[in-house]
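Subject: Structure handover and notes

Hello,

Here is the structure you asked about, to open alongside this message. My notes on it follow below.

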Amino acid sequence: MSQDNLDVVRRLYADGGPFALPLGPEGERALLDHLFEEYYDEHLQVVMPPDYPEGEQVYVGRRGMSKLIGGLRDSWTKWRFEAERFIDVGERVIVLIRVVAEGGASGIATARETAHLWTLRAGRLTSIQIYRDRGQALEAVGLNGWAPSERDTGPVMSQENVEVVRRFLLAEVEDAMAYADPGIVWNPAEESAGHGHDAVRESLDRWKAEWEDYALLPEAFEHVGDRVLVTVRVKGRGRGSGVEIDARFYDVYTLNHGKIVRMDQFTEQSEAFEAVGLR
């Protein structure tokens, strides 16, 4: 059952959960409808850290989750959870999280290492305890002094690989080549596969040339073995046509010895899940 629980939690983070900002009211309703249908118990409890200024708070069910999101929306323009590691603890799963956010008034970007402790029953997520301190989360489940091992999520790759992919995506084209193997296979969803740095350069330059106000926004990183699944939001406006794009792609990066050796892009999340063995 524990492996099933791991799969549920891993799919949640790759499927837009728990949530990410910006998120308007309509998008919030659609997201919560989906997450409560697929993952959450209707009486899901969200337990906030007791060391918050407001003290420990508990949000219950769909209404509680909506209230939580609304409160964060008042203070932050951007907010996302980057899942870095999943740890199996029986009926519970710890997720080591990197929270990346941007203040609404100040515009200051911030990042913090935290943890989520999920409890599951019959394949449904029944509660999440949020910890600001990862050590407290590990202590809560008796993993004092824990270090990465095979007991985590099976073939879990190192955080270094996640960082390689993150840096590749956020760097300028030429700087990004430092993270790619010279013989990289580059397989975008809407183009023919290419090989080598030149193929990557041409593909990325072509996208930027075709769209104005082009933005590539990594939303979630999921690590499985020697691969990293990245949910990427692409926004832009067609040069000349004025047609706007706001779409999500699912990129699977394969790494070897700290270098990206292959990228396969999918337009459907289910196809990406299948490619990395999550289906």
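Where is the place of His257? His257 sits in the loop between E11 and strand E12, the latter covering 259-266. Please keep in mind that this is a predicted model.

I mention His257 early on account of its backbone: phi is near 55°, a positive value in a residue other than glycine. His257 has a relative accessible area of 77%, which is over the 50% cut-off, so it counts as exposed. Ala122 is a second case, with a positive phi of about 55° although it is not a glycine. Ala122 belongs to the loop between E5 and E6, and because its relative accessibility is 75%, it counts as exposed. For background, most residues other than glycine have a negative phi, and most peptide bonds are trans.

The peptide bonds also need a note. Gly17 and Pro18 are joined by a cis peptide bond with omega of about -10°. Another cis bond runs from Leu21 to Pro22, with omega near 5°. Pro18 lies in the loop between helix H1 (2-14) and H2, and Pro22 is likewise placed in the loop between H1 and H2.

Now the sheets, beginning with the one that holds E1.

This is an open sheet of six strands with mixed pairing, in the order E2-E1-E6-E5-E4-E3. Its edges are strand E2 (58-60) and strand E3 (76-89); each has a single partner strand, so one side of each is left without a neighbour in the sheet. On average, neighbouring strands here are turned by 20° against each other, direction ignored. Within the sheet, strand E4 (residues 92-103) runs antiparallel to strand E5 (residues 109-121), and 11 bridges pair them. One position to look at is Ile97, which stands opposite Thr114 in E5.

Two helices lie across strands of this sheet. Helix H2 (residues 25-38) crosses strand E1 (40-47) and strand E6 (124-131), at about 105° to E1. Helix H3 (residues 61-75) lies across E1, E2, E3 and E4, and runs at about 125° to E2.

The other sheet to look at is the one that holds E7.

Six strands make up this open sheet, in the order E8-E7-E12-E11-E10-E9, and the pairing is mixed. Strand E8 (194-195) and strand E9 (211-224) are the edge strands, each pairing on one side only. Strand E10 (residues 227-238) and strand E11 (residues 244-256) run antiparallel and are joined by 11 bridges. Arg233 has Arg248, in E11, as its bridge partner. Helix H7 (residues 196-210) lies across strand E7 (180-187), E8, E9, E10 and E11, at about 50° to E7.

Last, a residue in that helix. Is His197 buried or exposed? His197, which is located in helix H7, has a relative accessibility of 19%; this is under the 20% cut-off, so His197 counts as buried. Leaving out residues up to four places away in sequence, His197 touches Met177, Ala180, Asp181, Pro182 and Ile184. With Asp181 there is also a polar approach: a polar atom of the His197 side chain lies 3.4 Å from the backbone oxygen of Asp181.

Regards

Definitions and conventions
Residues numbered from 1 in each chain as written. Predicted model: local features only at pLDDT ≥ 70, side-chain atom pairs only at ≥ 80, totals over all residues. Heavy atoms only, no water. Pairing = 2+ DSSP bridges. Helix = DSSP H or I, 4+ residues; strand = E, 2+ residues; numbered from the N terminus. Contact = heavy atoms within 4.5 Å. Axes fitted to C-alpha atoms, helices over the stretch in contact; angles between N-to-C directions. Buried < 20%, exposed > 50% of the residue type's maximum accessible area, 1.4 Å probe, protein only. Polar contact = N/O pair within 3.5 Å; in protein donor to acceptor, adjacent residues only side chain to side chain.
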